[in-house]
Amino acid sequence: MINIGLYHKYKVTSFIFHPEQGNYSVFTEKGKLLEADKGEVLELHFSSSGISVKSLDQDYGSFKKVRFIGTEPSNSFEIRVPFSKKTRKYEDNLFVNIHNYYNYFQLINNIDLDNYVAGVVESEVGRNPPSEYFKLQSIICRTYALKNIDRHSVEGFSLCHKVHCQAYNGKPKSVLIKEAAIETNGVVIVDSDINLITATFYSNCGGETANSEEVWRSKLYYLRTTKDTFCLKENNAVWTKKISKTSWKSYLKKHHAHDSDLNYECGTEYFQLDREQFYEKDNVKIPFVKIRKDFKLKSAQFNVIPDANYVILKGKGFGHGVGLCQEGAMRMAKLGFSYIDILHFYYEDVHMINLESLAFFKADF
Ligand SMILES: [Zn+2]
Ligand SMILES: [Zn+2]
């Protein structure tokens, strides 16, 4: 089981809970409060005396903690907060606390790891990819979750539901995603020292993935540059952006070693053949990742072509380029590669092992 912070940073002071599948036992710090079945609708409000729990016809009182625990093999519930028109569905259990410092709730989805993984996969990649792809994305999301299990430990849960950790919008609709999470149950990716890897991914590498140290500080042996022809015809393979010549030149000027002698005309053309780390020309040296950030570009791989009063940036790929290229991996899955082959293609010399084996390797002898 894993604890996921829901509505993290939203000030939830009331919500409606009702079981969608299975039954729920409701506990408080005083013991068991009630059994809630499908027909039950409970309203929880923040009040000066704590968390007040009411059904349509009964007031159960106020508490410090409320726990909704599913009693069947599979359980899910719906939740609705006042500021959202949509109800959200989550699997397994819900813990309700009062936030330490503020006057609002802390909602924690206490959920089976594979159920969570399936929810993340659907939230992150949607329902279109082939089922083999769902398997490798499940392994990546599981590896990420366990590697970052302490990310919000100070706040009392493991991971938040946002992109900050992994996007998680609750119970997935796709049966294929659910099956992929179950089929890869417990499988994670480890490096040569049997440590969980940093399983990074992004949309499209543009034909060549990046070394980890080109984007972040750390050099990880399994995040190496590799040529990838699988993604070249996919949606995010290429992009263009038009920027006024004036703003491009003044940007270069800011980074010029000797401001006064910048050769303006030379500065408006640049060809990056392979993935390069620096835009380096005429006494200007800027990391491509910085230009990407400053101009909010889809990737750091692009050529610069002058065009009248503009420069056209012609780019390749979408995302940081480190690790797995999602569009390339989806294409590989469609071509019949197995999820294991695909993971090995993007993460060099790693191993897929079961959590039980990981516990065995990590045990003290
Ligand atoms: Zn987070
Ligand atoms: Zn690619």
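Trainee: So a residue counts as buried if 20 or more other C-beta atoms, placed from the backbone, lie within 10 Å of its own. Which residues are buried in helix 7?

Mentor: Gln326, Glu327, Gly328, Ala329, Met330, Arg331, Met332 and Ala333. Helix here is a DSSP run of H or I, at least four residues, and a strand is a run of E, at least two, numbered from the N terminus.

Trainee: Anything I should know about the model itself?

Mentor: It's a predicted model, where local features need pLDDT of at least 70 and side-chain atom pairs count only at pLDDT 80 or more, while totals for chains, interfaces and linings use all residues. Residues are numbered from 1 along each chain as its sequence is written, and chains are lettered from A and ligands numbered from 1 in the order written.

Trainee: Back to helix 7, what covers its buried residues?

Mentor: The cover includes helix 1, helix 2, strand 15, strand 21 and helix 8.

Trainee: And what follows helix 7?

Mentor: Gly336, with a positive phi near 100°.

Trainee: New topic: how is the chain divided into domains?

Mentor: Domain 1 is 2-111, domain 2 is 112-197 + 350-365, and domain 3 is 238-316. Those bounds come from an automatic or database domain assignment.

Trainee: How many residues does the contact between domain 1 and domain 2 take from each?

Mentor: 15 from domain 1 and 18 from domain 2, with contact meaning C-beta atoms, placed from the backbone, within 7 Å.

Trainee: Which element gives the largest share on the domain 1 side?

Mentor: Strand 1, with 5 residues.

Technical notes. Two residues are in contact if their C-beta atoms, placed from the backbone, lie within 7 Å. A residue is buried if 20 or more other C-beta atoms lie within 10 Å of its own, exposed if 12 or fewer, and partly exposed in between; C-beta atoms are placed from the backbone.
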